[in-house]
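Trainee: Could we go through the charged side chains in this one together?
Mentor: Gladly; let us have the structure in front of us first.

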Amino acid sequence: AARAAGDFAFIDVRDEGPGIAPDVLPRIFEPFFSTRGMGRGLGLAAVHGIVRGHEGAIRIWTGPGEGTRVRVWFPLS
């Protein structure tokens, strides 16, 4: 969904890892989803909830062998 115009601050995080597989990407914000086994997977679900609660936005750029970049925007007002 498009966000309202205004002033935003953002945090950009990048890595040079293997990237996120296309079949996994749609599920990364699901609570308890993990590619590493049981009892994990709350991290990105919690981040997503916090960002949405503050009327922010998240965008992810990734691909196999390309690493991952995550940008999180928060409105300043």
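**Salt bridges**

Mentor: In this predicted model, D12 and R71 form a salt bridge through their side chains, with N and O 3.2 Å apart. This pair joins distant parts of the chain, since D12 sits in strand β1 (residues 8–15) and R71 in strand β3 (residues 67–75), 59 residues apart.

Trainee: And R71, is that one buried or exposed?

Mentor: R71 is buried, because its relative accessible area is 17%, which is under the 20% cut-off. Its partner D12, at 29% relative accessibility, counts as partly exposed.

Trainee: What does R14 pair with?

Mentor: R14 also forms a salt bridge with D12, and the closest N and O atoms there are 3.6 Å apart. R14 itself is exposed, because its relative accessible area of 59% lies over the 50% cut-off.

Trainee: Which residues are linked in a network, then?

Mentor: The network of salt bridges links D12, R14, R69 and R71.

Trainee: Switching topic, what does R27 do?

Mentor: The side chain of R27 meets that of E30 in a salt bridge, at 3.0 Å from N to O. R27 is partly exposed, with 37% relative accessibility, and E30 is likewise classed as partly exposed, with a relative accessible area of 31%.

Trainee: How many salt bridges turn up if you search the whole structure?

Mentor: Such a search finds four.

Key: Residues are numbered from 1 along each chain as its sequence is written. This is a predicted model: local features need pLDDT of at least 70, side-chain atom pairs count only at pLDDT 80 or more; totals for chains, interfaces and linings use all residues. Side-chain values use heavy atoms; hydrogens and water are left out. Buried means under 20% relative accessible area, exposed over 50%, partly exposed in between (1.4 Å probe, protein chains only). Helices (H or I, at least four residues) and strands (E, at least two) are DSSP runs, numbered from the N terminus.
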